[in-house]
Amino acid sequence: MNEKAIDYEAVFQGLPGMVALLTPELVYADANEDFQRLSGRSRAELVGRYIFDVFPENPNDPAATGMRDVRASMLRVVATGERDTMALQRYDVEDATQPGHWEERYWSPINAPVFDPDGQVAFVAHRVEEVTELIRLRGGGTSGDSRVRVLEAELYTRARELQELNERLRQSHAREREVALALQEAMLPARRQVGNHRAAVRYRPAVGALNVCGDWYDLIDLVGGNRIGVSVGDVVGHGLEAAGVMGQLRSALSATSRVADGPAQALDVLGRYAHVVDGAESATAVATFIDCDARTITYSSAGHPPPVLVHADGRVEFLDLATDPPLDARPDPRPRPQAATTYSDSATLALYTDGLIERRREDIDTGLARLADALVRNRTSDPEAVADAVLLELLPPGGATDDTALIIVRL
């Protein structure tokens, strides 16, 4: 059967309802017949002109905010490539035959992206349903039909109010996200080299959280000798409040580690500090001091899951011989334990937070075994590749319900 070519220009012009195409600069590229008829503007008066030059805002009524709302919606479509369905808008229109005379109009717009072959937004499809008559019927008449229309108008009005609330929430979330990203960048620098060793760091907030959380990591050069310090920690909770506590504890441990005799003393001092920090209750941390000349790792843990050392031959060693309660667990802190182990060249050290290994209704040993297996199989890869493989294998496809931090160091 022969397929008849479709005349898309005729389809566009024949579409029911008001439809216009605008460029990303919000200049009219085309408008269908209904749009021209109902807006009172010919195609010649529309095409090639900026939308808000054709339909400017009513200067006599500050309550008419339709122009600003529609502009924000269209620019959002251009920026995100996503459809934006707007609630009722009041958008007064100047009478083309009577300059200076404005008519109160109500519109319900939908703005959608039209993509080019490269996937970029080429046009904004602007579809409008005019509901001016419906709004004018509010309170008019007593018939059943009138009452129904009044209820419909009330629903449109409530939708408009909900949209305004949603816009305020969107702006608030955007501001909070900017703060979150700034905090993440300031408090969790992504170092790829510490001493002469390659390292990879990964940070994954819980699903639905902002881009900050209570987990932290740190890699520093220690004072005296060829030594480095690697640590991770976990503050209970998510979001900006937990991130603020995390920043305090991470900074304190980083400074303390540079002057402490060992990781146990560093955690001793950190525990005393955590005792006076609101929100640090039940925070955990593990600190390792690596002497690169002596090939030793000295470590201490404050209630945190044990680091994993994978030797070059594939042997797995959990650094779990110096574990103590969380940082603020004791009213009167006492010296914490520490232990040491040795390693040879090409060993891999992994520090992490519990979001990587813990699953509901699953024993923690199962998660530790899964982590060890992933590290062993990928031990000859570059640390960046190891970190990616571990996250891919251990985190659920839809994202974890707890925050996760991970450090991989090639020794």
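Trainee: What pLDDT does the chain average?

Mentor: This is a predicted model, so confidence comes first. Of the residues, 81% score at least 70. The chain average is a pLDDT of 83.

Trainee: Over which residues is the pLDDT below 50?

Mentor: Where pLDDT is low, the predicted coordinates should not be read in detail. One such stretch has 5 contacts in the model beyond near neighbours in sequence. Its pLDDT is below 50, and it covers residues 139-144.

Trainee: Which residues touch the most other members of the largest nonpolar core?

Mentor: That core has 25 residues. Several strands each supply at least two of them, including β10 (197-204), β13 (284-291) and β20 (404-410). The members that touch the most others are Ile290, Leu349, Ile407 and Leu411.

Trainee: Which residues does Ile290 touch, leaving out those up to four places away in sequence?

Mentor: Two of its partners, Leu349 and Leu411, are also among the core members that touch the most others. Ile290 further touches Asn226, Arg227, Ile228, Val230, Thr296, Ile297 and Tyr343. With those two added back, the list ends on Leu349 and Leu411.

Trainee: Is Arg336 buried or exposed?

Mentor: Start with its place: Arg336 sits in the loop between β17 (323-324) and β18 (339-342). Among the residues it touches are Ala264, Asp268, Ser300 and Asp324. Its relative accessibility is 11%, and the cut-off is under 20%, so Arg336 counts as buried.

Trainee: Which residue has its backbone oxygen 3.5 Å from a polar atom of the Arg336 side chain?

Mentor: Arg336 touches Pro325, Pro326 and Leu327, among others. One of these three places its backbone oxygen 3.5 Å from a polar atom of the Arg336 side chain. That residue is Leu327.

Trainee: Why does Ser73 count as buried?

Mentor: Ser73 lies in helix α5 (residues 66-80). Buried means under 20% relative accessible area. Ser73 counts as buried because its relative accessibility is 0%.

Trainee: Which side chains make polar contacts with the side chain of Ser73?

Mentor: Beyond residues up to four places away in sequence, Ser73 touches Asp84, Met86 and Asn111. One polar contact, of 2.6 Å, reaches the side chain of Asp84. Another, of 2.8 Å, reaches the side chain of Asn111.

Trainee: At what angle do helices α10 and α11 pack?

Mentor: α10 spans residues 364-377 and α11 spans residues 383-394. Residues making the contact include Gly367 and Leu371 of α10 and Val386 and Val390 of α11. The crossing is right-handed. The axes are 10 Å apart, and the angle is about 145°.

Notes. Residues numbered from 1 in each chain as written. Predicted model: local features only at pLDDT ≥ 70, side-chain atom pairs only at ≥ 80, totals over all residues. Heavy atoms only, no water. Core = buried A, V, L, I, M, F, W, Y, C linked by side-chain atoms within 4.5 Å. Buried < 20%, exposed > 50% of the residue type's maximum accessible area, 1.4 Å probe, protein only. Helix = DSSP H or I, 4+ residues; strand = E, 2+ residues; numbered from the N terminus. Contact = heavy atoms within 4.5 Å. pLDDT = per-residue confidence, 0-100. Polar contact = N/O pair within 3.5 Å; in protein donor to acceptor, adjacent residues only side chain to side chain. Axes fitted to C-alpha atoms, helices over the stretch in contact; angles between N-to-C directions. Left-handed = near helix turned anticlockwise from the far one by under 90°.
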